[in-house]
Structures are given as structure tokens and as C-alpha cells.
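Good morning, and thank you for coming. I would ask you to keep the sequence and the model in view while I go through them.

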Amino acid sequence: MTLEQLLSEVRQRRLILTWSRRRGLVLWAPNTYVPAATRRAIVAHREELIRLVEASDIRVCPAQDLHREYWIHDGGQHYTCAICARLEPIVRRRSVA
Ligand SMILES: [Zn+2]
């Protein structure tokens, strides 16, 4: 599965990705079925996914409908989600606990 195919899956299934120094990339999907192929792809692409999560890239925004009006164009083809940027440190702290 390519990174773009995986990102499409992440959007469709509204999966929440975060990371912590201790645990690395964390998939947060309570009560959500995640196919084994998707889980394997998340592991395979973890370095790119961590970079996207750290940057609050809209491609890993789990609430695209609700957050869309807060997306910021950062030049070129890069868009940041301002809501995810504010939530990410909170989610990251929860993921460490
Ligand atoms: Zn967002």
C-alpha cells in the first residue's frame, strides 16, 4: 500500500494518528475496525506519518468536515489544520499516560 493509498484509508475511516517519544507512532481508533493491511501500512510508513502529524498536515486531519474552515495554506501544496495543531500536544500527552 502506497503512502497516498494509506492516507486515503486514514481519511475514510477517520483514524486518529498521534505519536509520543516513548511509544512512537500511535493509532488511536477505539471501537473501530482497522484491517490488518492498514495496520501493516501504518507501521511501514510510520516515519512519514509522524512527520505529517507533527506538521498537523491536513492529510492526517481526522475531522476534515469540521476542521476544513481552519485549514491554512502554507505555500506550495502544503496545508496545515489549525485545530489539529492545537489538539495534537493534548492528544500526545494522553497517549503517553
Ligand atoms: Zn484537523
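Before anything else, one term: two strands are said to pair if DSSP finds at least two bridges between them. With that term in place, E1 and strand E2, residues 24-28, pair in the antiparallel sense, over five bridges. The two strands make a hairpin, and three residues lie between them. Please bear in mind throughout that this is a predicted model.

Let me now step back to the overall architecture. The protein contains five helices and four strands. Read from the N terminus, the order of elements is α-β-β-α-α-α-β-β-α. The radius of gyration is 13 Å, close to the 13 Å that the globule rule gives for 97 residues, so the protein is as compact as a globular protein of that length. Along the principal axes, the C-alpha atoms fill a box of roughly 35 × 30 × 25 Å.

Two totals complete this overview. Of the 97 residues, 19% count as buried. If we take the contacts between residues at least 6 apart in sequence, 48% of them join residues at least 24 apart.

I turn to the interior. In soluble globular proteins, nonpolar side chains tend to be buried together. Which residues touch the most other members of the largest nonpolar core? They are Leu 17, Leu 49, Val 60 and Cys 61, in a core of 13 residues. The elements that give two or more residues to this core are helix H1 (3-13), strand E1 (16-20), helix H2 (36-44) and helix H3 (46-54).

Leu 49 deserves a closer look. Setting aside neighbours within four places in sequence, Leu 49 is in contact with Leu 17, Leu 25, Ile 42 and Val 60. Two of these partners, Leu 17 and Val 60, were named a moment ago along with Leu 49 itself, among the residues that touch the most other core members.

Next, the hairpin in detail, beginning with Thr 18. This residue belongs to strand E1. Is Thr 18 buried or exposed? The cut-off for burial is 20 or more other C-beta atoms within 10 Å. Thr 18 has 26 C-beta neighbours inside 10 Å and therefore counts as buried. Across the strand pair, Thr 18 stands opposite Val 26 in E2. Thr 18 can also be related to a residue further along the chain: Glu 54 is 36 residues away in sequence, and the two C-alpha atoms are separated by 8.3 Å.

A second pair in the hairpin is formed by Trp 19, which stands opposite Leu 25 in E2. As a general remark, in a regular strand the side chains alternate between the two faces of the sheet.

Trp 19 and Leu 25 lead us to helix H3, where Ile 50 is found. Leaving out residues up to four places away in sequence, Ile 50 touches both Trp 19 and Leu 25. Ile 50 has 17 other C-beta atoms within 10 Å, so Ile 50 is classed as partly exposed. Its C-alpha atom is separated by 14 Å from that of Thr 80, a residue 30 places away along the chain.

Helix H1 offers two further distances. Glu 9 is found in this helix, and Glu 9 is partly exposed, with 17 other C-beta atoms within 10 Å. Glu 9 and Ile 50 are 41 residues apart in sequence and 16 Å apart in space, C-alpha to C-alpha. Ser 8 is likewise in helix H1. With 13 other C-beta atoms within 10 Å, Ser 8 is partly exposed. From Ser 8 to Arg 59 there are 51 residues in sequence, and the C-alpha to C-alpha distance is 8.3 Å.

Finally, I draw your attention to two backbone angles. Arg 14, in the loop between H1 and E1, has a positive phi of about 55 degrees although it is not a glycine. Arg 14 is partly exposed, with 13 other C-beta atoms within 10 Å. Asn 31 has its place in the loop between E2 and H2. The phi of Asn 31 is positive, at about 60 degrees, and Asn 31 is not a glycine either. How many C-beta neighbours does Asn 31 have inside 10 Å? The number is 4, so Asn 31 counts as exposed.

That concludes the presentation, and I am glad to take your questions.

How values were computed. Residues are numbered from 1 along each chain as its sequence is written. This is a predicted model: local features need pLDDT of at least 70, side-chain atom pairs count only at pLDDT 80 or more; totals for chains, interfaces and linings use all residues. The radius of gyration is taken over C-alpha atoms; the globule rule is 2.2 Å times the number of residues to the power 0.38. A residue is buried if 20 or more other C-beta atoms lie within 10 Å of its own, exposed if 12 or fewer, and partly exposed in between; C-beta atoms are placed from the backbone. Two residues are in contact if their C-beta atoms, placed from the backbone, lie within 7 Å. A nonpolar core is a set of buried Ala, Val, Leu, Ile, Met, Phe, Trp, Tyr and Cys residues joined through C-beta atoms within 7 Å.
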